[in-house]
Structures are given as C-alpha cells and as structure tokens.
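Welcome, and thank you for joining this tour. Please open the model in your viewer and keep the selection tool at hand. We will go from stop to stop, choosing residues and looking at what is there.

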Amino acid sequence: MSSMADQQRIHPVLDVEAPPQTSPTVPLVPQGTSKSDDQSYPPFHRTYPPMNSKPPKKRSCCCKCLCWTLSLLLLLILILGITVGILFLVFRPKLPKYSIDRLQISLFDLNSMDSTLSATFNVTITARNPNERIGIYYEGGSHLSAWYTETKLCQGSMPKFYQGHRNTTVLVLPLSGQIQNGTGLIMAVQEQQQRTGNIPLRLRVSQPVRVKLGKLKLMKVKFSVRCGLVVDALSANNAITIQSSSCKFRLRL
C-alpha cells in the first residue's frame, strides 16, 4: 500500500525552457522614505486669458455718438443764448403795466328765499405797453375774477385785441357771479367795514398772449396779473372809492 501511495504522488517538475526569475537586488524605495518623497513635480503657473488692449468697436461707436450729441446740444444752447442776447439788445423788452382805475357795483344783493348772493361789478383796467418795438396780441381764453378773502365774488374775461407800440388801452370789464349761502359773507363784509372802515379785494387775471417782435409773431404764452385793492364800501348803486391798489405781473411759459 505504501508503495502504491508513493507512486501516485505528483511532484512539481521544473520548466527547463522558462527563463530564470530573479528578485531585484536594489529596493525601489529607499528604506526610511515614502514613495511620495521621491517624486518631483513641475512648478505651478496660473494662466490668464489674453486681454485686449483696444476697447471693442461697439463701445467706441457709442462713445463717439454720445460725444457728438453733447457737442451738438452745447452748440445749440450757445446759439440760442447768442440769439436771445441779440434780440434783447435790439428790442429792449419791458414788462407791460396794469392798474385798476375804477370799480362800479351794479348788483350786490342777497336773496332771502335761498340765501344766494348775486354780484355784478364793472372794473376799469388800464393796460400800458411801454415797448417801442414790441406789440402784444391779447388772445381768447382769458379769465378774470374778483375775490374777497378766499371767496370768489364774480368773474368775466378780457376781449381779444392787439396793443401796439407805446400804447395805452382802457378796458371796462363786466364781472358777474353768484355765491351760495351768502348770508355769512354779507355779515363778514359788514363787520369788516364797521371795524376798519374799508374792504380789501383781490383781482386775478389769466391771459394768453402772443408777442410780436417787428414782423415776427412768437408762440402763445400765458401771463397772470394779481391786483390788490382796498375800497371804502361794497354795496350796489353807490360811489365806490378805491383807496389803494397795486398789480403784479408774472409770465408763465
């Protein structure tokens, strides 16, 4: 039995034709060092995208357009200023003057049925144009009103007319109106007259005009006149004395 077991054993046979395997005699990594210590890396350089030294063409065109626009605007302002200066030196414009010369009251009555106060005034206004080379066209659409404190008593308008050079025009303008619940207003006017002996009124004018420079007719503008006057009474069919009056002119473009 033992001899048969020895015959069945398989023993490795060396391959004579295979090359002999040799183990390295020198270690790949020296003793006491790590593998990473023996490796070297090239220096790190950050790369930047190339920058254009010249601005884009679109931006350059926009800058040129803006510069041309600003230059043209400044040139127009300069030409306009020179033109206005020449016109001022040639025509020597002066503001028109206005005064209230007379006030007549034909109706100032309180209706006892509904307490409505009816008022009718005739106001005489003198308009003076002191300019030698400038005419004034008074256009339609004017508004004229008479006030006591903050209450509008009556209203009207100015007629259309042309006022020439160095001209003085006298206008008699009718004003009419109604005030609801006028009992309190009548009592306030009477108390004012008894306490001070006079009654303050205000006259407001809003007038569109065109100015004529020589043969040139300019665009339509509006001006306003604010007049303050003090009268001795406020009653119908009586002689009204204007104790003082003053008017201020203001141009509105």
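Let us begin with charged side chains: searching the whole structure turns up four salt bridges. Bear in mind along the way that this is a predicted model.

**Stop 1: Arg166 and Glu132**

Select Arg166 and Glu132 and show their side chains, which meet in a salt bridge with an N to O distance of 2.8 Å. Which parts of the chain does this pair link? Arg166 lies in the loop between β6 (161-163) and β7 (167-179), while Glu132 belongs to the loop between β2 (117-129) and β3 (134-138). The two residues are 34 apart along the chain, so to speak of them as distant parts is fair. Turn on a surface view if you like: Arg166 is exposed, and Glu132 is as well.

**Stop 2: Glu139 and Arg210**

Next, select Glu139 and Arg210. This pair also forms a salt bridge, and its closest N and O atoms are 3.7 Å apart. Glu139 is found in the loop between β3 and β4 (143-148), and Arg210 in strand β8 (residues 199-213), with their positions 71 residues apart in the chain. Is Glu139 buried or exposed? Its relative accessibility is 13%, so Glu139 counts as buried. Arg210, with a relative accessible area of 26%, is partly exposed.

**Stop 3: Glu150 and Arg202**

Stay with strand β8 and select Arg202, then add Glu150 from the loop between β4 and β5 (151-156). These residues are 52 apart along the chain, and their side chains meet in a salt bridge at 3.7 Å, N to O. Glu150 is exposed because its relative accessible area is 63%. Arg202 counts as partly exposed, at 30% relative accessibility.

**Stop 4: Met219, beside Arg210**

Now pick Met219, which has its place in strand β9. With a relative accessible area of 60%, Met219 is exposed. Which residues does Met219 touch, once those up to four places away in sequence are set aside? They are Val209 and Arg210, and you have already selected Arg210 as a partner of Glu139. Try a distance label between the C-alpha atoms of Met219 and Val209: they are separated by 8.5 Å, with the two positions 10 residues apart along the chain.

**Stop 5: Asn129, beside Arg166**

Move on to Asn129 in strand β2. At 2% relative accessibility, this residue counts as buried. Show the side chains of Asn129 and Asn131 to see a polar contact between them, at 2.9 Å. Leaving out residues up to four places away in sequence, Asn129 touches Ile134, Gly135, Ile136, Gln163, Gly164, His165, Arg166 and Asn167. Arg166 in that list is the salt-bridge partner of Glu132 from the opening stop.

**Stop 6: aromatic rings**

Time to look at rings. A search of the whole structure finds seven aromatic pairs. Select Tyr98 and Phe223: why does this pair count as stacked? Their ring centres are 5.8 Å apart and the planes meet at 25 degrees, so the pair is stacked, the cut-off for stacking being under 30 degrees. Tyr98 sits in strand β1 (residues 97-110) and Phe223 in strand β9 (residues 216-231), 125 residues apart. Both are buried: Tyr98 has 13% relative accessibility, and Phe223 has a relative accessible area of 3%.

Keep Tyr98 and add Phe249. This aromatic pair is stacked too, at 6.3 Å centre to centre and 15 degrees between the planes. Phe249 is in strand β10 (residues 242-252), 151 residues from Tyr98. Phe249 counts as partly exposed, at 23% relative accessibility.

To see a wider group, select Tyr98, Tyr138, Phe161, Phe223 and Phe249 together; ring pairs link them into a cluster.

**Stop 7: charges over rings**

Select Trp147 with Arg204, which lies over the face of the ring at 4.3 Å from the ring centre. Then select Tyr137 with Lys217, whose charged end sits over the Tyr137 ring, 4.1 Å from its centre.

**Last stop: residues 68-91**

Finish by selecting residues 68-91, where an unreviewed UniProt entry places the feature "transmembrane region". In the model this stretch is 100% helix and 0% strand, and its end C-alpha atoms are 34 Å apart.

Technical notes
Residues numbered from 1 in each chain as written. Predicted model: local features only at pLDDT ≥ 70, side-chain atom pairs only at ≥ 80, totals over all residues. Heavy atoms only, no water. Phe/Tyr/Trp six-rings, centres within 6.5 Å; stacked < 30°, edge-to-face > 60°. Helix = DSSP H or I, 4+ residues; strand = E, 2+ residues; numbered from the N terminus. Buried < 20%, exposed > 50% of the residue type's maximum accessible area, 1.4 Å probe, protein only. Lys NZ or Arg CZ within 6 Å of the ring centre and 35° of its normal. Contact = heavy atoms within 4.5 Å. UniProt positions renumbered as here; feature names shortened; annotations may be inferred. Polar contact = N/O pair within 3.5 Å; in protein donor to acceptor, adjacent residues only side chain to side chain.
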